[in-house]
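Work through these short exercises with the model open. They cover cysteines first, then a cavity.

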Amino acid sequence: MDNFGRKKALIVTQIPTIIGWIMIASASNVGMIYAGRVLTGFGSGMVGAPARVYTSEVTQPHLRGMLCALASTGISLGVLIQYTLGAFTTWKILSGISVVVPVVALVLMLFMPETPNYLVSKQKPEKALKSLAKLRGSSVNIEREVDQLKAFAAKTNAAGKKKMSFHETVQALVHPSSLKPFAILTFYFMMYQFSGVNTITFYAVEIFRDSGTTMDKYTCTILLGVVRLVFTIIGAILLRRCGRRPLTFISGIGCGCTMVGLGVYLYFKHQWDTSVPPIAPTATWFPVACIFVFIMTCTVGFLIVPWVMIGELYPMKVRGLVGGFTTCMAHSFVFIVVKTYPFLTHVLQRHGTFILYGCFSFAGTVFFYKCLPETKGKTLQEIEDYFSGRLKTLKKPKAGTADPEGTGDGQQLLLVGNNGAKPPVLMAEKNKLLP
């Protein structure tokens, strides 16, 4: 992504996905299914970072969150389609239908422009102008936007070389502007995955069956997919209005309460099942309600925010590389959570596992309150300045507050001369001097 561009990376990631689905659909033995799963795994793993980075770099700040969240909406739509078709068709037919999505994506990406940020970083301002003309239309001052990108690239040394050396790349990776957001997002993905979202997604049929509900387990699963899709769309809209932090808190508290509630119910159900004689479970609607409320609250925040932030928080020079690392960590946590679920249910029982997931959500909420920045409405340049230490806060300065840029330089200028007096000329020129 950093060496060849965001557009080319997106096109390349579709190829293993297409081949993988074709292999699964035409499989005549288990080995072909495994090979197809490996290839679709490569494709779905690689596409995450380029998709978010591309979207974040081609959109304006006030639309960035909502449009980046469309990727999560696509995932929820895919889950619903798989649940629905899986209930009525064979896996071969389902795999054949699934190949259509990456084929369409590959064809459409051929007509999309490269991101202006990447083109400016590679010293191609003329191509960046053409890209912006396609993306913004004729009503926007695209020359000014390109000039801003060039000025920021020069300030951060993001331009000037076709390719960074290995030493320069390592320096950029260990810089606070990369390490701080990487630590925040890695912890975010860990907490989000250990809230149990993919356990519910992958084991939905089994969980509905074991919860004691009298509803058809396949009907519940399809309804779960519908709810997930609807609330992903709602979350994408709310992301523009409410910001990242409030939606994260809704998810953390909502997931914690519902998982603990589900765990407590399953504990009592275990007692009822093992009593002599067995007691028929009551309030069988309660575990279903917990699962549905869990998906609602998880979707509006956890399922959207960290993926959007992959395209927002990282510096331009290594945005693709660190974005890829973060996506790798995210999928590693998915693997760990899904594969440890059977083990945890054996050790802690099913009720203990869900209570543990709820505790992770509550712990994560405390961390997010302390460490997660609000990036709503901020430019990618402001966010990079914040993590680099050039900007002390991403919050809007209060009226009348000195040093609104948060650099501290304004106050230093005001104290020069006259034994600490504030020269009128410097006071008037303060906002002009700081930039």
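**Exercise 1.** Decide whether Cys 255 is buried or exposed.

Solution. This is a predicted model, so the values are computed from its atoms. Take the relative accessibility of Cys 255, which is 0%. The cut-off for buried is under 20%. Cys 255 therefore counts as buried.

**Exercise 2.** Classify Cys 242 by its accessible area.

Solution. Read the relative accessible area of Cys 242: 36%. Buried ends at 20%, and exposed starts over 50%. Cys 242 is therefore partly exposed.

**Exercise 3.** Count the disulfides in the model.

Solution. A pair of cysteine sulfur atoms must lie within 2.5 Å. By this rule, the count is 0 disulfides. Now check Cys 255: its nearest cysteine sulfur belongs to Cys 298, 4.1 Å away. Cys 255 is in no disulfide.

**Exercise 4.** Find the second largest cavity and describe its lining.

Solution.
- Start with the search of the whole structure, which finds 2 cavities of 30 Å³ or more.
- Take the second largest, which holds about 30 Å³ of space.
- List its lining: Val 79, Tyr 83, Thr 201, Leu 224, Gly 225, Arg 228 and Ile 295.
- Assign elements: helix H4 (70–88) and helix H14 (217–242) each give two or more residues to this lining.
- Rank them: H14 gives the most, with 3 residues.
- Sort by chemistry: the lining of this cavity has 4 nonpolar residues, 2 polar and 1 charged.

Definitions and conventions
Residues are numbered from 1 along each chain as its sequence is written. This is a predicted model: local features need pLDDT of at least 70, side-chain atom pairs count only at pLDDT 80 or more; totals for chains, interfaces and linings use all residues. Side-chain values use heavy atoms; hydrogens and water are left out. Buried means under 20% relative accessible area, exposed over 50%, partly exposed in between (1.4 Å probe, protein chains only). On a 1 Å grid over the protein atoms alone, a cavity is a set of points where a 1.4 Å probe fits but cannot get out, and a pocket is an open set with protein on both sides within 12 Å along at least five of seven lines; lining residues have an atom within 4 Å of a point. Grid points are joined across faces, edges and corners, and a volume is the space filled by probe spheres set on the points. Helices (H or I, at least four residues) and strands (E, at least two) are DSSP runs, numbered from the N terminus. Ala, Val, Leu, Ile, Met, Phe, Trp, Tyr, Cys and Pro count as nonpolar, Asp, Glu, Lys and Arg as charged, and the others, Gly among them, as polar.
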